[in-house]
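Here is a short walk through one protein chain, written to be read with the structure open beside you. Have a look at the picture, then follow along section by section.

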Amino acid sequence: MKIIKNMHERYLPAIAFWLANGLFMNWTPYSIKHGFLRKFCGVKIGKKSSICAYCFITGYKIEIGENTAINRFTYLDGRVPLKIGNNVNISHYVIIQTLTHDPQNPDFVCLEKPVRIEDHVWLGTRAIICPGVTIGEGAVVAAGAVVTRDVPPYTIVAGNPARAIKERNRDLRYRTSYFPLFDTDIQ
């Protein structure tokens with residue numbers, strides 16, 4: 001019984017994510033990639049949202065809204081709830097973490113902290129979103145920023161750690177649609 005339970009709880013999910021990240025994320029059209037992620041990895045993907053090639057996805061607790069673009073080489077950690085809203089633009093090489101460790105704990109315990117990214121957010125290239133952070137509606141995280149605490153709505157942040165540098169226009173009407181041909185930048 002323990003072998004069957006271990007197979008169901010560890011090996012089948014590991015195989016599903018191994019296939020998702022090693023094969024489906026890199027070598028299949030959007031419809032097949034998204035279908036596999038939905039059916040075998042439990043990722044909720046809204047209408048007209050795209051996850052580009054070479055992303056690394058882990059965990060069954062990822063929810064992506066509509067018209068959201070997740071660009072190449074992004075890391076999505078869904079082992080703890082990760083909720084991404086509508087019309088979100090996630091640039092290349094972004095890292096979104098939901099787990100960390102307590103460096104002061106003698107047992108190096110794992111800390112689980114959900115992440116929420118609200119509607120019309122833009123995460124710049126190589127931004128890092130740390131566990132437990134909420135990025136408010138319409139906020140912008142500049143390229144290379146390390147976000148360690150919540151970002152208020154319509155705020156532009158930059159730096160390490162990320163700090164507010166200005167306000168963003170609140171009149172956002174765009175709908176993201178990003179399905180580049182053969183996962184190139186050609187649309």
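Which residues does Ile96 touch, not counting residues up to four places away in sequence? Keep in mind while you look that this is a predicted model.

## The nonpolar core

Ile96 is in touch with Tyr75, Leu76, Asp77, Leu82, Ile90, Val115, Ile117, Leu123 and Ile129, with residues up to four places away in sequence not counted. Ile96 also belongs to the largest nonpolar core, a group of 38 residues in which Ile96 and Ile135 have the most contacts. At least two residues of this core come from each of helix H1 (2–27), helix H2 (30–41), strand E4 (62–64), strand E7 (82–84) and strand E12 (115–117). The biggest share is that of H1, which gives five residues. As general background, nonpolar side chains in soluble globular proteins tend to be buried together.

## Two open sheets

Now for the strands. One open sheet has five strands in the order E1-E4-E7-E12-E15, paired in parallel. Its edges are strand E1 (44–45) and strand E15 (134–135); each has a single partner strand, so one side of each is left without a neighbour in the sheet. Further in, E7 and E12 are joined by three bridges in the parallel sense. If you want a spot to find on screen, look for Lys83, which stands opposite Arg116 in E12.

Another open sheet of five strands runs E3-E6-E9-E14-E17, also with parallel pairing. Here strand E3 (56–58) and strand E17 (146–147) are the edge strands, each pairing on one side only. Strand E14 (residues 128–129) pairs with E17 through two bridges in the parallel sense. Ile129 has Val147 in E17 as its bridge partner.

## Salt bridges

How many salt bridges does a search of the whole structure find? The search turns up four. In one of them, the side chains of Glu63 and Lys83 meet, with an N to O distance of 3.5 Å. Glu63 lies in strand E4 and Lys83 in strand E7, so this pair ties together parts that are 20 residues apart in sequence. Both partners are partly exposed: Glu63 has a relative accessible area of 34%, and Lys83 has a relative accessibility of 40%.

Arg116, which we met opposite Lys83, forms a salt bridge with Glu118, and their closest N and O atoms are 2.9 Å apart. Glu118 is partly exposed at 24% relative accessible area, and Arg116 is partly exposed too, at 39%. Asp171 and Arg173 form another salt bridge, with the closest N and O atoms 2.6 Å apart. In this pair Asp171 is partly exposed, at 44% relative accessibility, whereas Arg173 counts as exposed, at 67%. In general terms, side chains of opposite charge can pair when their charged atoms come close.

## Around Ala69 and Asn71

Is Ala69 buried or exposed? Ala69 sits in strand E5, and its relative accessibility is 3%; the cut-off for buried is under 20%, so Ala69 counts as buried. Leaving out residues up to four places away in sequence, Ala69 touches Ser50, Val88, Asn89, Ile90, Thr176 and Tyr178. The C-alpha atoms of Ala69 and Asn87 are separated by 7.5 Å, while the two residues are 18 residues apart along the chain.

A little further along is Asn71, in the loop between strand E5 (69–70) and strand E6 (75–77). Asn71 is buried as well, with a relative accessible area of 10%. With neighbours within four places in sequence set aside, Asn71 is in contact with Cys52, Cys55, Ile90, Ser91, His92 and Tyr178. Ile90 and Tyr178 therefore appear among the contacts of Ala69 and of Asn71, where contact means heavy atoms within 4.5 Å.

## A nonpolar patch on the surface

Which residues form a nonpolar patch on the surface? They are Leu23, Trp27, Tyr54, Phe73 and Tyr93, and together they have about 520 Å² of accessible area. Trp27 is found in helix H1, the helix that gives the most residues to the largest nonpolar core. Trp27 itself is exposed, at 61% relative accessibility.

Notes: Residues are numbered from 1 along each chain as its sequence is written. This is a predicted model: local features need pLDDT of at least 70, side-chain atom pairs count only at pLDDT 80 or more; totals for chains, interfaces and linings use all residues. Side-chain values use heavy atoms; hydrogens and water are left out. A nonpolar core is a set of buried Ala, Val, Leu, Ile, Met, Phe, Trp, Tyr and Cys residues joined through side-chain atoms within 4.5 Å. Buried means under 20% relative accessible area, exposed over 50%, partly exposed in between (1.4 Å probe, protein chains only). Helices (H or I, at least four residues) and strands (E, at least two) are DSSP runs, numbered from the N terminus. Two strands pair if DSSP finds at least two bridges between them. Patches are made of residues with over 30% relative accessible area and no salt bridge: like charges are joined within 9 Å, nonpolar side chains (Val, Leu, Ile, Met, Phe, Trp, Tyr) within 5 Å. Accessible areas come from the Shrake-Rupley method with a 1.4 Å probe; for residues, only the protein chains shown count as cover.
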